[in-house]
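Student: Could you take me through one small part of this model up close, and then show me how the packing around the rest of the chain looks?

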Amino acid sequence: MDLEEPGLTAPLLVPARAAADEAGGSGDGDGAGAGAGAADAPLQQQREGRRRGAHWLAIAVILTTDMVGIGTLGLPADFARLGWLPALACLALFIAGGVYSGSVYQRLALRVPRAVVFDEIGSEAMGKLGRALVFGTIYLGILTEPCIFHLMTVESLRQALSHIDLSRPAAHAIVVALILPLAQVHHLEDVAWVAIFGTAAMILAIGIVVAKLAATYLAASAAGAAGAAALAAAAAAASAPGAPLLPQPSAAWLRRPPRALAAVAAPGGAAPAAGRAATEWVASGSFYAAMVGVVDIAFSFGGQINWMRYITDIGDRSKFSRAVTLTEAIMGSLYLLTGVVGYAALGKDMDVRSPISSVLPFDGWMAAANAGVFLHCLVAYQVMVNVWSSSLLHIASSRSGSASTESGSGGASGAGGGAHDGGARRRLVWLCVTCGCVAFSTAAVWAFPFFSEMMGIIASLGDIMSMFGLPCIFAVRLLKLGRAETALCWALAALAVALSGAGLVSSAQQLAEALGGGGGGVRR
């Protein structure tokens with residue numbers, strides 16, 4: 001059975017191998033010079049029906065829209081888990097690691113020009129072991145990633161409709177009803193225009209959130225001791241049932257403080273010595289809480305699982321690292337702004353298990369912000385269901401061998417009815433796999449509705465290893481590196497393994513604590 005239909009493409013998987021092989025083989029009839037030129041050309045130039053290659057600036061734009069997402073909403077909580085110094089150090093580490101990772105991915109792609117998915121790089125570097133490492137880390141992370149988008153789609157929908165108090169089961173039902181038809185769109189190019197609006201909506205939502213956080217900080221600074229209690233009271237009033245959806249004309253909408261400021265007041269209702277929220281240079285919480293903050297920041301810089309797709313789309317592979325460097329600069333600036341402003345405004349006592357869009361009090365502006373988050377997450381959820389399903393079929397196809405592919409091509413050359421039946425069968429398989437993905441995500445989110453801990457588990461399973469763990473290991477095997485860079489690669493690989501292991505254990509511990517009544521999480 002031909003499970004992996006060429007039309008079922010995804011960012012990670014570009015199964016146009018047959019077309020590429022035919023293009024590469026056709027060079028034999030044009031002479032040795034033409035054949036050598038075809039072998040050295042970027043892979044996308046060998047495919048029929050695909051553009052000859054995008055400019056590196058265009059790839060930088062695509063990278064930015066792909067990688068900037070819901071991780072941004074957890075950054076203030078990450079600062080609260082870590083404190084100023086460790087959080088800033090983690091931002092610097094992952095920015096630098098991302099830039100270096102772009103260079104490594106570029107050189108690996110040039111070294112193995114026929115590779116279109118990362119497990120092929122692993123196979124070239126270490127044979128079956130390298131392929132197994134990719135499947136056991138990056139693909140495992142992919143299989144859990146739809147859960148975080150299901151969680152955020154449900155939560156942002158409930159927050160956007162907070163004035164009608166949408167129940168949790170109803171929100172899940174609405175999301176499932178929306179995502180299942182969307183998941184049947186096999187070609188991601190067909191929803192590219194929707195993704196653009198989703199990205200724009202996410203940027204607008206982040207802008208609203210950052211503006212409200214900044215105004216909250218300024219208002220708390222100006223209020224002083226006497227005003228802190230009033231700000232806390234205003235926060236409770238803004239979040240109370242029956243509060244108006246839109247701010248009153250005479251009210252300064254940005255200065256409606258979040259619920260978290262209520263925690264600033266001392267026990268017994270006494271006002272604190274100053275209006276600003278308390279922060280720490282190094283957080284005094286547990287090691288497990290701090291490690292969740294570290295891997296959550298890593299999640300914010302994740303997305304390397306899709307880089308092989310973008311490398312095959314760029315016109316000059318030797319310029320891919322430029323696109324990555326520009327993307328990391330943009331992401332680093334945005335993340336620094338969000339984390340610093342959010343932590344300064346809310347302090348160490350904020351709810352670290354919820355996205356910042358759920359912590360700020362509900363009003364018309366936050367309804368708009370959460371609507372933007374909802375649109376972005378719905379589109380991202382569709383993409384991840386596509387990646388999840390394609391990855392699962394890719395694994396199944398790899399296990400079944402090439403016989404299924406041959407039978408599929410034979411069916412295409414037969415009668416029209418047989419081809420139609422084969423297409424219907426593949427669509428039925430796709431429907432079943434996507435339903436399984438949505439059912440798995442729904443069940444996981446229902447059982448574990450904790451944003452920060454779920455991000456930590458996903459990052460520990462795949463994002464950190466795909467950032468600079470496996471690429472560095474494969475670089476040592478495939479590239480001619482100097483002694484200093486070889487030592488750097490081994491150090492980064494060891495760091496990635498240590499962070500992934502510690503992050504997975506810590507996320508599981510914090511998840512167990514939350515389930516035991518530790519508080520936080522999305523509204524049940």
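Tutor: Let's start at glycine 83, which sits just after helix H4 and takes a positive phi of about 95°. Keep in mind that this is a predicted model. Now step back into the helix itself. H4 covers residues 75–82, and eight of its eight residues are buried, so the helix is largely enclosed by the rest of the structure. Reading along H4, you meet Leu75, Pro76, Ala77, Asp78, Phe79, Ala80, Arg81 and Leu82, buried one after another. Notice that Asp78 and Arg81 are on that buried list too.

From there, let's look at the nonpolar packing. The largest nonpolar core has 126 residues. Phe94, Phe118, Ile148, Phe320 and Phe474 are the ones with the most contacts inside this core. Helix H17, residues 451–478, gives the core its largest share, with 15 residues. Pick out Phe474 and see what it touches: leaving aside residues up to four places away in sequence, its contacts are Leu108, Phe118, Ile121, Gly122, Ala125, Met126, Gly130 and Val134. So Phe118 turns up twice, as a partner of Phe474 and among the core residues with the most contacts.

Last, the cysteines. A disulfide needs two cysteine sulfur atoms within 2.5 Å, and by this rule the count is zero. Take cysteine 435: the nearest cysteine sulfur belongs to cysteine 432 and is 6.7 Å away. Cysteine 435 is partly exposed, at 32% relative accessibility, whereas cysteine 90 is buried, with a relative accessible area of 10%.

Key
Residues are numbered from 1 along each chain as its sequence is written. This is a predicted model: local features need pLDDT of at least 70, side-chain atom pairs count only at pLDDT 80 or more; totals for chains, interfaces and linings use all residues. Side-chain values use heavy atoms; hydrogens and water are left out. Buried means under 20% relative accessible area, exposed over 50%, partly exposed in between (1.4 Å probe, protein chains only). A nonpolar core is a set of buried Ala, Val, Leu, Ile, Met, Phe, Trp, Tyr and Cys residues joined through side-chain atoms within 4.5 Å. Helices (H or I, at least four residues) and strands (E, at least two) are DSSP runs, numbered from the N terminus. Contact means heavy atoms within 4.5 Å.
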